[in-house]
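This briefing introduces a protein model and is meant to be read with the structure in view. Please keep the sequence at hand and locate each element as it is named.

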Amino acid sequence: MGNGEKKTIQLPYSQSVRELAALLNARAVDVIKLLMSNGVIASINQQVDYDTSAVVATELGFEPQPIQEVTVEEELGEIPLWRRVILEEDPKNLEKRPPVVTILGHVDHGKTTLLDAIRHTDVAGGEAGGITQHIGAYQITHKNRLITFLDTPGHAAFSSMRARGAQGADIVILVVAADDGVMSQTKEAINHAKAAQVPIIVALNKIDRPEANPDRVKRELADAGLQPDEWEGDTFVVPVSAKKKIGLDDLLETVLLVEDNLTILANPKGKCIGTVVEAKLDKTTGPMATLLVQNGSLAVGDTVVAGEATGKIKAMFDQRQKRVSKVGPSTPVMVMGLTALPEAGDLFQVVANEREGRAIVAERRAAREAKRSTKRATLEEAFQRYKAGEAKELRLILKADVQGSLEPIVNSLDELNKKHADINVKVLHAETGNVTESDVMLAAASDAVVLGFDVDADVASRRVAEAEGVSIRLYKIIYRLLEDVEKALQGLLEPEMVEKVIGRASVLATFKVSKGGTAAGCRIAFGEIRRNSNVHVVRGTEVITTAEVSTIKREKEEVRDVREGMECGITLKGFEEFAIGDVLECFVMEKFGG
Ligand code: GDP
């Protein structure tokens, strides 16, 4: 290769041969040949680790370096993109906008009750508007000034969600129960708010309770880095009772006071950008998303990209379900017209046209896929790292149906530890119940593998596992579970087959078909559905059955597959009890890591 200076190249922890070739600007065949000459036989989709890639890179004249993986905290520690957009605006175009407030706090400290209580302080709004619709965010008027509240607690199931809640806001109200004090999620919320550089107001809730001990809680707050203003600090601590509606005016007054010190600005005529607050599939209108505009204005007819969804806005509704045609900064609106569901916390922006929208979405998908291939924790990979000395232990997260099965598993794993002196299996977390999102998040964060005994993995957990590249293995026989762990420790485990979701369809109607039986009238929300492939029928958060696709019909014609945005009739082998609102999730089995 070239002479002179070697070019440095950053290589991930693991990647496929194809990706490596692209990174090195070489043909895949040449990379495969180089690998072979170094004694490694690998196909184009096979994963190669850093050390192996580094050898190839060096031979091709590069100076390899490992990529420093960006942690979630670092990623979130940055100023959010929407705020950077505002900072880049010409100051003379900036105008005041209402503050966006999010309520965070430990579970049961009263977030939901407080949000409801604040919503009801808006007497004027109540009179004018009839029933307010829950769209994930609402605006109230206090002293003739608008304040926007993000209603995130409902779906703030895991911490990255809460982190993003803080990212979308100008002010955080931290709810701390006066009878309970600063708890783990209180501290987590403080960290998120600080990372996003958002000021915190403390709502010292439940002061009506006889057990309330405000002084103790203030000391705890001071210890956690929030010095109360009455003690010469700069954190406002407002005593309230969300239940008895005490102190709510003071709290809103404080929000306005903090706002006055912040001058919250945006350019209503600038580039339109904001945050997805909530998204759900509506039976009749398809994907509906609540978007919070943070800069610029959003109008019907605009094309938006939100996370991995795109589309032209067909209609917009405010929190009272009234149609609106254009909204400015700090306003939440529910939009219709996206072709897929974005995720809460995703950024959205207006783009020039649908073609640009689709191109951006394709890029994001590719980037996510690439990231996924570098971040994985399969049982066999975890073992590889363990063996290579990178990991000191094989980490497991165990879920079982009952305590009575958890104990023997943990004990047997201990036995394994004793049997093999050089082996260290560590159970990070053992609990009864189905595999949940938070188990998978924990596994992703700690490079652990999730093992379940006689339990299911709920839909959300499977989605997160897919996105984070975490492996979930479910067993019905304890012996098999232990056998797999032992095999993994000996490096003998067969590569695991995992489900890869290739498409989702929502059931909009059901109808009888001529041959007898029932078909589901579907719209493909994302990806594709193929004949003869398998689908999970998902109702709510549960997989009620898994069956093979028997026929797919478009306008009376039988077809082999259907793609995103299309409508069709689907029948399954051995299942007809469809209900409107069910989701068909089409998947293929593939070897983890390709
Ligand atoms: P979240 O988990 O933070 O959303 O908490 P919730 O709003 O669901 O409240 C948890 C429990 O505390 C509920 O039973 C509420 O009725 C109760 N609660 C909330 N605020 C107050 C309050 O100011 N005083 C009293 N006594 N109870 C409250």
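The points below cover two sheets, the helices that lie across them, and the surroundings of a ligand.

The model is predicted. One open sheet has 6 strands with mixed pairing, and another open sheet has 4 strands with parallel pairing. In general, the strands of a sheet pair through backbone hydrogen bonds, in either a parallel or an antiparallel manner.

**The sheet of 6 strands**

- The strands of this open sheet follow the order β7-β8-β6-β9-β10-β11, and their pairing is mixed.
- At the edges stand β7 (137-142) and β11 (237-239), each of which pairs on one side only.
- On average, neighbouring strands here are turned by 30° against each other, with direction ignored.
- Strand β9 (residues 171-177) pairs with strand β10 (residues 200-205) in the parallel sense, over 6 bridges.
- Within this pairing, I173 has I201 in β10 as its bridge partner.
- Helix α9 (residues 184-195) lies across β6 (100-105), β9 and β10, and runs at about 170° to β9.

**The sheet of 4 strands**

- In this open sheet the order is β23-β22-β24-β25, with parallel pairing.
- Its edge strands, β23 (425-432) and β25 (472-475), each pair on one side only.
- From one strand to the next, the twist averages 20°.
- Strand β24 (residues 449-453) is joined to β25 by parallel pairing over 4 bridges.
- Opposite L451 stands R473, a residue of β25.
- Helix α17 (residues 478-489) lies across β22 (394-400), β23, β24 and β25, and its direction is at about 155° to β24.

**The surroundings of the ligand**

- Around the ligand there are 15 residues, of which D108, K111, T112, T113 and D208 come nearest.
- By type, the residues of this shell divide into 2 nonpolar, 7 polar and 6 charged.
- Helix α6 (residues 111-121) gives the most to the shell, with 3 residues.
- A polar backbone atom of K111 lies 2.8 Å from an oxygen atom of the ligand.
- The side chain of N205 has an N or O atom 3.0 Å from an oxygen atom of the ligand.
- In K243, a polar backbone atom is 3.2 Å from an oxygen atom of the ligand.
- The ligand taken alone exposes 580 Å², and the protein buries 75% of that area.

Key
Residues numbered from 1 in each chain as written. Predicted model: local features only at pLDDT ≥ 70, side-chain atom pairs only at ≥ 80, totals over all residues. Heavy atoms only, no water. Pairing = 2+ DSSP bridges. Helix = DSSP H or I, 4+ residues; strand = E, 2+ residues; numbered from the N terminus. Axes fitted to C-alpha atoms, helices over the stretch in contact; angles between N-to-C directions. Contact = heavy atoms within 4.5 Å. Near = heavy atom within 4 Å. Polar contact = N/O pair within 3.5 Å; in protein donor to acceptor, adjacent residues only side chain to side chain. Areas by Shrake-Rupley, 256 points an atom, 1.4 Å probe, with all protein chains shown as cover. Nonpolar A, V, L, I, M, F, W, Y, C, P; charged D, E, K, R; others polar.
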